[in-house]
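Please look at the sequence and the structure shown here, and read the report that follows with both at hand. It goes from helix packing to the core and then to single residues.

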Amino acid sequence: MAQLQLENICYRYPSSDRDVLSHISCTFSGGKLNAVVGPSGSGKSTLLSILAGLDKPDEGTIRIDGVDYAQLDLDQCRREQIAMVFQSFQLFPLLTVLENVCFPMELCGASKPEAAGHARKLLEAVGIPSEKHKRFPSHLSGGEQQRVAIARALSAGAKILLADEPTGNLDRNNTQKIMQILGTLARKEGYCVIVVTHDPEVAALSDCVWRMADGVLTLEK
């Protein structure tokens, strides 16, 4: 199963006099749905950005499946090993649902027929029926758009899924549906899923709850 290991991670904004992340050491493993909670400004999104390789820590080491980030092409890593889902969905508005999911696969060299076949399976798996595959994102509900975003995140084969407030724009019913999808990916398919959230219901539906406070990450559940 996929795994992220952090060892003594510290990070400080250039204009700040304190660490946003302070000596964080932990392991996120596949098979469990992880939630990272904490007040605004506590460093949750910064942690996610560092896990995605978008920012580099000032100190410490991050390993993906035992390999140090320093040895990796992080652009390639984000295409093939780590996927992200955002609160605002970030779908391409001028591409259809199917084309949105095909895009990462074609970027990695898949043929259009191969990408389309896999995209249809992923969309069906997250509950988007075939009659909606040719629609544009604006013609879907918020919950449906987030499910498309999850399908797109999975399309290139990444086994680590980082989600930044994925239910922040959704009602309670759609929040539960999205968490059910993420839980299935983690528990039944071995994905390493890390969700940053302010929502206590999302935390309650997770297997592991990590709390960020004053730059320190601790396991609560």
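In this predicted model, V97, N100, V101 and P104 of helix 3 meet V148, A151 and R152 of helix 5. The axes of these two helices come within 7 Å and cross at roughly 25°, and because angles under 35 degrees count as roughly parallel, helix 3 is described as roughly parallel to helix 5. The crossing in which helix 3 passes helix 5 is right-handed.

Helix 3 also packs against helix 4, here at an angle of about 120° and with the axes 8 Å apart; the two helices are therefore oblique to each other. This crossing, too, is right-handed. On the side of helix 3 the contact is made by V97, L98, V101, C102, M105 and E106, and on the side of helix 4 by K112, A115, A116, H118, A119, R120, L122 and L123. An α-helix has 3.6 residues a turn, so residues three or four places apart point the same way. A reader may keep that rule in mind when looking through the lists of contact residues.

**The nonpolar cores**

Which residues touch the most other members of the largest nonpolar core? In this core of 39 residues, they are I150, L161 and L182. At least two core residues come from each of strand 6 (82-86), helix 3 (97-107), helix 4 (112-125), helix 5 (142-154), strand 7 (160-164), helix 6 (172-189) and strand 8 (192-196). If residues up to four places away in sequence are not counted, I150 touches V85, V126, I178, I181, L182 and L185. Another core lies apart from the largest one and has 31 residues, with Y11, V36, C77 and M212 among them.

**Polar residues of helix 5**

Helix 5 holds E144 and also Q145. E144 counts as buried, because its relative accessibility is 13% and the cut-off for buried is under 20%. The side chain of E144 reaches the backbone nitrogen of S141 at 2.9 Å, and, with residues up to four places away in sequence left out, E144 touches I128 and K132. Q145 is buried as well, with a relative accessible area of 16%, and under the same way of counting Q145 touches F89, L91, P137 and L140.

**Positive phi angles**

Most residues other than glycine have a negative phi, and most peptide bonds are trans. Against that background, two residues can be set side by side in a table.

| Residue | Phi | Place | Relative accessibility |
|---|---|---|---|
| N8 | about 55° | strand 1 (residues 3-11) | 32%, partly exposed |
| F89 | about 70° | loop between strand 6 and helix 3 | 11%, buried |

N8 has its positive phi although it is not a glycine, and the same is said of F89. F89 is one of the residues that Q145 touches, which links this loop residue to the description of helix 5 above. A positive phi, near 80°, is also found at G53, the residue that follows helix 1.

**Helix 1 and W210**

Is helix 1 (residues 44-51) mostly covered or mostly uncovered? Helix 1 is mostly covered, since 7 of its 8 residues are buried, and these buried residues are K44, T46, L47, L48, S49, I50 and L51.

W210 lies in strand 9 (residues 208-213) and is buried, with a relative accessible area of 9%. What does W210 touch, when residues up to four places away in sequence are not counted? The residues in contact with W210 are C26, T27, F28, N34, A35, V36, V37, L217, T218 and L219. With one of these, N34, the contact is also polar, as the side chains of W210 and N34 make a polar contact at 3.0 Å. V36, another residue that W210 touches, is among the members of the core of 31 residues. W210 and F103, by contrast, are 107 residues apart in sequence and 33 Å apart in space, taken from C-alpha to C-alpha.

Terms used. Residues numbered from 1 in each chain as written. Heavy atoms only, no water. Core = buried A, V, L, I, M, F, W, Y, C linked by side-chain atoms within 4.5 Å. Buried < 20%, exposed > 50% of the residue type's maximum accessible area, 1.4 Å probe, protein only. Helix = DSSP H or I, 4+ residues; strand = E, 2+ residues; numbered from the N terminus. Contact = heavy atoms within 4.5 Å. Polar contact = N/O pair within 3.5 Å; in protein donor to acceptor, adjacent residues only side chain to side chain. Axes fitted to C-alpha atoms, helices over the stretch in contact; angles between N-to-C directions. Parallel < 35°, antiparallel > 145°, perpendicular 65-115°, else oblique. Left-handed = near helix turned anticlockwise from the far one by under 90°.
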